[in-house]
Amino acid sequence: MATAGKVIKCKAAVAWEAGKPLSIEEVEVAPPQAMEVRVKILYTSLCHTDVYFWEAKGQTPVFPRIFGHEAGGIIESVGEGVTDVAPGDHVLPVFTGECKECPHCKSAESNMCDLLRINTDRGVMIGDGKSRFSINGKPIYHFVGTSTFSEYTVMHVGCVAKINPEAPLDKVCVLSCGISTGLGATINVAKPPKGSTVAIFGLGAVGLAAAEGARIAGASRIIGVDLNPSRFEEARKFGCTEFVNPKDHNKPVQQVLADMTNGGVDRSVECTGNINAMIQAFECVHDGWGVAVLVGVPHKDAEFKTHPMNFLNERTLKGTFFGNYKPRTDLPNVVELYMKKELEVEKFITHSVPFTEINKAFDLMAKGEGIRCIIRMEN
Ligand code: NAD
Ligand code: ZN
């Protein structure tokens, strides 16, 4: 391509300060270095993790920064040593990578790559500790190795999953984070047996995908727990059979769920990021066999407190990043689930805005409206 090896000037949504609306700026995007790729982003969407680090209330502030990690795009050019992907390939960026060489990548059980696992505080590339984005020579920092709120971005090759070029990027882009995370948290980690009862805490995109996972796994009762009752109607479409709003009860939600289920749910999946919900999600599982899975990203000072007896009574607590999927190896198969119509992604996409109106996606999330808002880079 004509742009390979050259700096590309393009539009990016820059967060100059915590919590301030993003501003569309012309940025310079340096060519990819060794083991890096430069990707033309076509569609991106907003996930709550972007908002946490943009607000930077309970997180380390790194600014100015280009957020965004849920997206779909096409490889524009590749750096030295890249053999897995080539210009023109369709890819989904992933916030946590897969180097394919470390002990984690070689383990069938882990997706916590030593080299490329999520690092929310790092704003630079791993290779040389520098940013590939700049404005008038001043660096603009990266976010989780993806920074997809830009027409072009540079990523480590281990953070892109090459997918079926037939897959519509405006739909499957949502599989690059939230939906796969929730789906995998249930299917790969909680593993509800057929006919079991599953509680889902938090009915945002991740929680609804976790509910979808429970439905696919054959759970017979799926209990959605959320403080926002407007989520309940939506959640029905994702297999939720019952709902609990903790605010409607004057006893702990753990007790409410135990009363509803003869002692506790078989599995629970926490998708809120709220520490109290995490503790509740653990304490509401049945003794003897219950498994709770934490997915939400906690406040940086959060501490998980529960009585050790809850473990001795044979409850299991687990956590997962990205639903235990290995990004490069497994994500193409999740896309195929969609292509085979076994997984519906359309129902997760409730809004769409042009890139120039990206702040509207933030407003929708702040209001708790809709599930995913697609941001169209080109129109
Ligand atoms: P979201 O804001 O759309 O949904 C969260 C839902 O939780 C909301 O409906 C909210 O009302 C509800 N909620 C908040 N506090 C609650 C409480 N105490 N009890 C019950 N419900 C409560 O967010 P999302 O995009 O669906 O993401 C969910 C979480 O997953 C976030 O913390 C996000 O950062 C995290 N996440 C983790 C991974 C991972 O790999 N582990 C990946 C993506 C997202
Ligand atoms: Zn690795």
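Start with ligand 1: 29 residues surround it, and the nearest of them are His 48, Thr 49, Asp 226, Val 295 and Phe 322. Keep in mind as you look around that this is a predicted model. Besides ligand 1, there is a zinc ion (ligand 2) to find, held by four cysteines: Cys 99, Cys 102, Cys 105 and Cys 113.

**Around ligand 1**
- Thr 49 uses an N or O atom of its side chain to sit 2.8 Å from an oxygen atom of ligand 1.
- Two contacts come from the backbone instead: a backbone N or O atom of Ala 205 is 3.1 Å from an oxygen atom of ligand 1, and a polar backbone atom of Val 206 is 3.0 Å from an oxygen atom of ligand 1.
- On its own, ligand 1 would expose 860 Å², and the protein buries 89% of this area.
- Two helices to look for are α1 (48-55) and α5 (205-217), each giving at least two residues to the shell.
- The largest share of that shell, three residues, belongs to α1.

**The zinc site**
- The SG atoms of the four cysteines lie 2.3 to 2.4 Å from the zinc ion.
- Angles among these four donor atoms run from 102 to 121°, and the site is tetrahedral.
- Try finding the donors in the sequence by their spacing, C-x2-C-x2-C-x7-C.
- Cys 105 counts as buried because its relative accessible area is 13%, under the 20% cut-off.
- Cys 113 is buried too, with a relative accessibility of 0%.

**Domains**
- The chain is assigned two domains: domain 1 covers 1-19 + 86-162, and domain 2 covers 179-323.
- Their centres, taken over C-alpha atoms, are 31 Å apart.

Conventions:
Residues numbered from 1 in each chain as written. Chains lettered and ligands numbered in written order. Predicted model: local features only at pLDDT ≥ 70, side-chain atom pairs only at ≥ 80, totals over all residues. Heavy atoms only, no water. Donors = N, O, S within 2.8 Å, 3.2 Å for Na, K, Ca; no water. Tetrahedral: all angles 85-135°; square planar, octahedral: opposite > 155°, others 65-115°. Buried < 20%, exposed > 50% of the residue type's maximum accessible area, 1.4 Å probe, protein only. Domains from an automatic or database assignment. Near = heavy atom within 4 Å. Polar contact = N/O pair within 3.5 Å; in protein donor to acceptor, adjacent residues only side chain to side chain. Areas by Shrake-Rupley, 256 points an atom, 1.4 Å probe, with all protein chains shown as cover. Helix = DSSP H or I, 4+ residues; strand = E, 2+ residues; numbered from the N terminus.
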